[in-house]
Amino acid sequence: MINFIKIICTGIYSKRWLLARRTVQLFILLAFLYQLPLIGDIATGNLSSSEWFGTIPLTDPFILLQSFLAGSSLAYPALIGGLIVAAFYAIFGGRIYCSWVCPINMLTDVAYWFRQRFGIKSNLSISKGLRKAILLLALLLSFSAGTLAWEIVNPITLFQRELMWASISGSLFLLGLFFFDLLVSRRGWCGHICPVGAFYGFLGHFGRLRITADKLESCAGSACSACIKVCPEPHVLVPVVSQKGNKVISGDCTRCGACLDKCSTGALSMKMDLGHRRSFKNIPIVTKK
């Protein structure tokens, strides 16, 4: 019995960051659907603009920027909510949104799991600059057409609508996204196409919550590379794995913790880094697709 408990505890610990992310993601989604006894609504609205516990406004700054460019009048609560969210991601790291909040992350993670499970190797090469180009195009269209251009096809919005109302068009779009990540390109949507990820990458480029190798001497480097193999943005770990630096400084890091779950030596940790930003140049990329 004791051995069984140890196995269970070991299994939970080895997936502690994944379980924590799923808990946060599901809580955020369910908060819009259910009420608490004696308290009432946890959150009203949606992931674009919401009010929590009837008091705290939160607004997606990307939506706010599109609205501004489209010429819409911006309500005071929306502005306050946008500043709160923008400040949080600027301090901690913008792409936390991608791994801890965005519901599409759960869909693409399932697609990645199936890729690993069935050994699917197909991987269409897509420039990471594409998502930045789509971001710029969405902002330009918002300005020229006077509408929230990206929200017309935003799968995050479609996902939340599916939970509440369900629609064939939304389901087909999400299904297509799933098969794109499964059969066409590894982490293709989040890593190469989604402009929301590009926006939050810019917003939190200097975020201080970072993956750090406090025990760099314990890291086997490129001889192991287990962390890189599971990282949704493998290039961000190159400075650490190549032992040219002891922290991840790239704005592409999603702080998902997959590398922490996978690291068997305990060399990696995630913590606030209040030191000076360091740059690493001419580092060979050793990632394996």
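Where is the place of Phe-53? Select Phe-53 and you land in the loop between S4 and S5. Keep in mind as you click around that this is a predicted model.

**Stop 1: Phe-53 and its sheet**

With Phe-53 still selected, check the backbone: its phi is near 55°, a positive value in a residue other than glycine. Most residues other than glycine have a negative phi. Now look at the side chain's surroundings: Phe-53 has 43% relative accessibility and counts as partly exposed, since that class lies between 20% and 50%.

Next, bring up the strands around this loop. You should see an open sheet of three strands, in the order S3-S4-S5, with antiparallel pairing. The edges are S3 (43-45) and S5 (56-59); each has a single partner strand, so one side of each is left without a neighbour in the sheet. Neighbouring strands here are turned by 25° against each other on average, direction ignored.

Zoom in on residues 49-52, which make up strand S4. S4 and S3 pair in the antiparallel sense over three bridges. Try selecting Ala-43 and Trp-52 together: Trp-52, in S4, is the bridge partner of Ala-43.

**Stop 2: zoom out**

Show the cartoon for the whole protein. There are 14 helices and seven strands to find. The C-alpha trace spans about 55 × 50 × 40 Å along its principal axes. How does the radius of gyration fit with a compact globule? For 289 residues such a globule would have one near 19 Å, and the protein has 20 Å, which agrees.

Turn on the surface if you like: about 15,300 Å² is accessible, and 68% of that belongs to carbon and sulfur atoms. Of the 289 residues, 47% count as buried. If you draw a contact map, look away from the diagonal: among contacts with a separation of 6 or more, 72% come from residues 24 or more positions apart.

**Stop 3: helix H6 and the loop after it**

Select Thr-108, which sits in helix H6. Buried or exposed? Thr-108 is buried, with a relative accessible area of 3%. Beyond its neighbours within four places in sequence, Thr-108 is in contact with Leu-177, Asp-181, Arg-187, Trp-189 and Cys-190, so show those as sticks.

Then move on to Ser-122, in the loop between H6 (104-118) and H7 (129-145). Ser-122 counts as partly exposed, at 33% relative accessibility. Its contacts, leaving aside neighbours within four places in sequence, are Arg-115, Leu-183 and Val-184. Put a distance label on one of these: the Ser-122 side chain reaches the backbone oxygen of Leu-183 at 2.5 Å. For a longer ruler, draw a line from Ser-122 to Met-272: C-alpha to C-alpha, they are 37 Å apart in space, and 150 residues apart in sequence.

**Stop 4: the loop between H13 and H14**

Finish with Asp-252, in the loop between H13 (238-241) and H14 (258-262). At 18% relative accessibility Asp-252 counts as buried, because the cut-off for that class is under 20%. Which side chain does Asp-252 join in a polar contact of 2.8 Å? Label the pair with His-235. Show its other touching residues too: not counting residues up to four places away in sequence, the list is Arg-95, Arg-131, Glu-233, His-235 and Val-236.

One last click: Arg-255, also in the loop between H13 and H14. Arg-255 is buried, with a relative accessible area of 4%. Its phi is near 55°, a positive value in a residue other than glycine.

How values were computed
Residues numbered from 1 in each chain as written. Predicted model: local features only at pLDDT ≥ 70, side-chain atom pairs only at ≥ 80, totals over all residues. Heavy atoms only, no water. Pairing = 2+ DSSP bridges. Helix = DSSP H or I, 4+ residues; strand = E, 2+ residues; numbered from the N terminus. Axes fitted to C-alpha atoms, helices over the stretch in contact; angles between N-to-C directions. Rg over C-alpha atoms; globule rule 2.2 N^0.38 Å. Buried < 20%, exposed > 50% of the residue type's maximum accessible area, 1.4 Å probe, protein only. Contact = heavy atoms within 4.5 Å. Areas by Shrake-Rupley, 256 points an atom, 1.4 Å probe, with all protein chains shown as cover. Polar contact = N/O pair within 3.5 Å; in protein donor to acceptor, adjacent residues only side chain to side chain.
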